[in-house]
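Student: I would like a close look at the empty spaces inside this protein, and at the parts of the chain that surround them. Could you take me through them in one connected account?

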Amino acid sequence: MTLCIISHTEHYQDENGIIKAWGSTVTEINHLLGIFDRIIHLAPLHEGQPPKSSLAYADTDNITFIPLKPSGGKGLQKLSLAWNAISNLKQIQKGIEQADIIQFRAPTGMGLYVLPFLKYFNSKPYWVKYAGNWVDPEMPLGNRLQKKWLQNYIESETQVTYNGSWESKPQFLSFDNPCFTYETYTEAKSALEVKSDPQRGGWALCFVGALNEHKGVSLILEALKEIPKSMPVKSVHFVGDGSNRLEYEKQAEQMPLDIQFHGFLPKPEVHGILAQSDALILPSKSEGFPKVVGEAMAYGCVPVVSKVSCIEDYITDGDNGFLLKELSAKALVQSLLQLSGLTNSELNELRLKNYTFAQRFTYAYYYKALNEKILNVRLR
């Protein structure tokens with residue numbers, strides 16, 4: 001059985017001619033070969049060197065990458081969506097012809113023409129994996145149009161997997177984002193066993209994501225200035241990159257704290273930082289369900305996150321993590337002080353609870369759901 005994936009995942013060709021893409025997506029696709037015999041991935045090929053967070057496909061005999069032309073951007077660059085639509089649809093048609101079932105990953109700019117194409121010019125079964133925030137009040141116009149399309153125009157037999165439980169139609173299915181193999185999940189438990197008492201050695205905090213205002217990096221830096229001495233901070237790790245990184249580094253240099261900016265890192269190194277950290281801080285303005293929250297839960301790193309999208313479906317304030325009352329430095333400091341008020345025994349109990357819950361984010365759990373809720377329904 002052949003799966004054709006259509007996505008906006010950025011691909012690059014390294015100096016040896018090897019195609020690489022975002023590590024989390026590549027890892028997920030590698031493991032999908034446990035269900036499918038062959039996978040065709042249609043996605044944009046960009047110029048330049050791949051980021052450190054990129055990976056190559058593990059099985060290029062059974063995973064075929066078909067490049068699409070990159071499109072979208074800011075200002076007049078958005079017109080490239082129209083310029084490249086015909087060329088990209090021709091490539092998409094080639095991929096679809098070889099497939100038994102299709103997965104389209106939304107929201108993305110090309111969704112404005114790919115979704116109608118799949119409905120009116122395609123006879124193969126497909127489902128849509130929607131990874132954005134379904135209830136974002138400041139949703140970009142393109143995302144809003146794709147959401148409306150899925151709500152009103154998609155075929156009744158086509159499933160939409162998304163983060164949360166927002167729609168009453170049975171074809172909308174709440175799906176957990178896979179983060180790691182069962183082997184990695186099992187190995188993560190060792191991190192719980194060696195966690196030190198932060199009340200004695202100080203708190204290690206981390207952030208994983210794009211370094212920009214939307215993700216709340218400035219808010220974190222502002223909050224770090226206001227944390228009282230009653231909560232000693234041992235170190236702060238920022239994993240990720242962005243155009244504002246130099247500005248954030250300059251702000252961090254003015255603080256009497258050990259603040260490290262790591263840039264993009266391979267997944268094992270990200271897991272290493274989660275394992276040595278006591279809390280993941282993620283005060284985003286909008287999210288779907290970021291995979292790093294599930295990873296943090298497995299590695300004993302307590303989520304301190306904004307109350308957006310479906311986050312409340314996974315994190316209960318004060319029980320297995322902390323939800324910011326508002327997007328402000330004051331609210332972040334309050335949540336961190338709540339965390340620091342836990343005894344070491346209470347903290348270990350919370351960590352174990354999250355580790356048990358995080359089994360939902362293994363690929364095995366995800367693929368079981370795919371088989372039961374999508375493949376056995378669409379291909380029977």
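Tutor: What follows goes from one open pocket to the enclosed cavities, and then to a few related parts of the chain.

The model is a predicted one, and every value below is computed from its atoms. A useful starting point is that rolling a probe the size of a water molecule over the atoms shows where empty space is left.

Consider the second largest pocket, whose volume is about 190 Å³. Its lining is made up of 16 residues, and those closest to its centre are Thr27, Cys179, Phe180, Lys267 and His271. Three helices, namely H1 (23-32), H10 (267-276) and H11 (291-298), each provide at least two residues of this lining, and the largest share, four residues, is that of H1. By class, the lining of the second largest pocket contains six nonpolar, seven polar and three charged residues.

Helix H1 also holds Asn30. If residues up to four places away in sequence are left aside, Asn30 touches Ala56, Tyr57, Ala58 and Ile63. The C-alpha atom of Asn30 is separated by 31 Å from that of Pro283, a residue 253 places away along the chain.

Turning from the pocket to enclosed space, the count of cavities of 30 Å³ or more comes to two. The largest cavity holds about 60 Å³, and strand S8 (126-130) and strand S9 (160-162) are the elements that give two or more residues to its lining. The residues that line the largest cavity are Lys129, Tyr130, Ala131, Thr161, Tyr162, Asn163, Phe175, Asp176, Asn177 and Tyr366, and they divide into five nonpolar, three polar and two charged.

The second largest cavity, with a volume of about 30 Å³, is lined by Leu282, Ser284, Glu287, Pro290, Val305, Ser306, Val308 and Ile311. Five residues of this lining are nonpolar, two are polar and one is charged.

For the annotated context, UniProt, in an unreviewed entry, places the feature "domain: Glycosyl transferase family" at residues 200-339. In the model, this span is 36% helix and 21% strand, and the C-alpha atoms at its two ends lie 14 Å apart.

One helix pair deserves attention as well. Two packed helices are described by the angle between their axes and the distance between the axes. For helix H8 (residues 217-226) and helix H9 (residues 245-253), the angle is about 5° and the axes are 11 Å apart, and H8 and H9 are therefore roughly parallel to each other. The contact joins Val217, Ser218 and Leu221 of H8 to Tyr248, Gln251 and Ala252 of H9. Four of the residues in this contact of H8 with H9 are nonpolar and two are polar, while none is charged.

A last detail concerns the backbone. Most residues other than glycine have a negative phi, and most peptide bonds are trans. The peptide bond from Ala106 to Pro107, however, is cis, with omega near -5°, and Pro107 is found in the loop between strand S7 (101-106) and helix H4 (111-120).

Definitions and conventions: Residues are numbered from 1 along each chain as its sequence is written. This is a predicted model: local features need pLDDT of at least 70, side-chain atom pairs count only at pLDDT 80 or more; totals for chains, interfaces and linings use all residues. Side-chain values use heavy atoms; hydrogens and water are left out. UniProt positions are given in the numbering used here, feature names are shortened, and annotations may be inferred rather than shown by experiment. Axes are lines fitted to C-alpha atoms, for helices over the stretch in contact, and angles run from 0 to 180 degrees between N-to-C directions. Angles under 35 degrees count as roughly parallel, over 145 as roughly antiparallel, 65 to 115 as roughly perpendicular and the rest as oblique. Contact means heavy atoms within 4.5 Å. Ala, Val, Leu, Ile, Met, Phe, Trp, Tyr, Cys and Pro count as nonpolar, Asp, Glu, Lys and Arg as charged, and the others, Gly among them, as polar. On a 1 Å grid over the protein atoms alone, a cavity is a set of points where a 1.4 Å probe fits but cannot get out, and a pocket is an open set with protein on both sides within 12 Å along at least five of seven lines; lining residues have an atom within 4 Å of a point. Grid points are joined across faces, edges and corners, and a volume is the space filled by probe spheres set on the points.
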